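This report concerns the salt bridges and the nonpolar cores of the structure shown below.

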Amino acid sequence: MVSVFKDRSLLPVVMAADNFPSSPLNDPYPVYNPDNGDKYIPFHLTFDDHHKLPPVGMIRPSVLAAMQEDERDPAICPWQFHSNAIEGEDDTLELSVQCVFLADWVLEGGRSLITQVMQQTAERWRAEGRFPSELNGWRDEQYNIYAHPESSGFKRGTFDVADGTPTNVAFALERSACVLFGVATYGVHLTAYEGEGEDMKIWVPRRSRTKQTFPGMLDNSVAGGIPRGMNPFEAIVKECEEEANLPEQHVRPRIRAVGIATYLHVVKAGFFQPEIQSASDFAKLIGPADARYIYDLALPHNSSPDYIQPCPNDGEVESFVLWTIPEVVEAMHKGEFKPNCGLILVDFLIRHGFVTPENEPNLIEISCRIHRRLQVAVRC
C-alpha cells in the first residue's frame, strides 16, 4: 500500500481545486491573479465595510461593467461604486472602481429586497444572454449568501433571523449566479466506505454524462449543495437518498461529521469561487453526526443484515463501483475525479492514516491548501 503514495505526490490533485495562487498583493482579500493578470473588485453591503471587513464577494471587470450599465438610470440603480483617480499610460488620470456596494434604497428594504434585486439581476442577465457559460446552467435553487456579522448593512432594513438560520445571512441568490459575484458557496461531501486499513474500499460514483457540470467524471460517494433554509447535516441526509438510494433511517444514525475543507477556485472563465466543503465519512460502525462540510459513512460488512450499498436513484449518478484505496489513488492521479472531489478524498486519506509525512513530502502544503483562508465573508 505504501508504494501507492511514495513515488507521486497528491499535491497536484489538491491544486486542481485550490488553484488560486498566493500573492502578497492579495491581503486582506484577493484583488489580483498573478498567473494571468485578472483583477477582482470587492463587493460589500455598504461602503463603510470597505477596508474594514471581508467583502461579501469578489467580482471580475466583466461583471462590474454589466453592473455599471444600471447607472444609466441613477434613480433605480441598485449599486454604488467607489472610484479612485489613477494615472493612465499616457499620464492622464482615469477613474478606477475600488469597490461596489448596495444603494441605500436596496439596503433599507433588508434581506427580502436585496434578494429580490440580486435575483432579478441574474434573471435579466440570463435573458439577455450574458455570461452564458455560467447562467445557462440555471438551477432554480437558491443559496444563502453571507456578510460579515459586523457589517453596517445589518443595521439598516430588516434582517430577521428564522430558527436555525445563521445570523449573518445577507441575501439569497440563484446557485448558478453565485460564481459571478465571487461569493463563498457551501456544500456537503460524504465518503462511504467498507472495511478498515489495508482492506478498506470506497464507494465511487460516476457522474451522469448529461450533468451540466463535469459530466462523466468520478465524484465523492455523495455530495451536493446546501439549499437555502437547510443545515449541512440535513442536506447530506437528503443527498444520500436522492443520489445514492441510501434511506434516511439507515444513514442518519451512522453518518459522522469529520471536518471542513476550504479552498479558492478559479473557473476557466476566470471567475473567483471561494468554496467551503463539509466532509463526512459513512463508516460501517459509526454513530450520529453534522463549509465544504465533510462526512464519513462506514457501511456494515456485506454479511450483516444491515448491509446496504449505494446505487443510482435520481439520474445524477450513472453508476457506483467499490474500489480499493490503490484504485482510487490511481484514478486521482489520472485526473478522473471532479477537482473538488479529489481534494476531499485526499483529506479522507490523511484522516485515515494512508497519507503520512513519511510517504507525502508535500503534506504541510496539502494541509494548508485544504484549509485555505477564504478572505470573504462566511457563514457564522
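Arginine 209 is exposed in this predicted model, because its relative accessible area of 55% lies over 50%. Arginine 209 forms a salt bridge with glutamate 318, a residue that counts as partly exposed at 37% relative accessibility. The structure holds 20 salt bridges, including the three pairs in the table.

| Salt bridge | Closest N and O atoms |
|---|---|
| Arginine 130 and glutamate 69 | 2.6 Å |
| Arginine 209 and glutamate 318 | 2.8 Å |
| Arginine 254 and aspartate 306 | 3.7 Å |

Arginine 130 lies in the loop between helix 5 and helix 6, and glutamate 69 in the loop between helix 3 and strand 3, so this pair ties together parts that are 61 residues apart in sequence. Arginine 130 is partly exposed at 25% relative accessibility, and glutamate 69 is partly exposed at 29%. Arginine 254 counts as buried, with 16% relative accessibility, whereas its partner aspartate 306 counts as partly exposed at 43%. In addition, a network of salt bridges links Asp18, Glu365, Arg369 and Arg372.

The largest nonpolar core has 40 residues; among those touching the most other members are Phe43, Trp79 and Val100. Helix 5 supplies the largest share of this core, five residues. Valine 100 touches Ile41, Phe43, Leu64, Met67 and Trp79, among others, not counting residues up to four places away in sequence. Apart from this core lies another, of 35 residues, including Leu11, Ala17, Ile202 and Val346.

Definitions and conventions:
Residues numbered from 1 in each chain as written. Predicted model: local features only at pLDDT ≥ 70, side-chain atom pairs only at ≥ 80, totals over all residues. Heavy atoms only, no water. Core = buried A, V, L, I, M, F, W, Y, C linked by side-chain atoms within 4.5 Å. Buried < 20%, exposed > 50% of the residue type's maximum accessible area, 1.4 Å probe, protein only. Helix = DSSP H or I, 4+ residues; strand = E, 2+ residues; numbered from the N terminus. Contact = heavy atoms within 4.5 Å. Salt bridge = Lys/Arg side-chain N within 4 Å of Asp/Glu carboxyl O.
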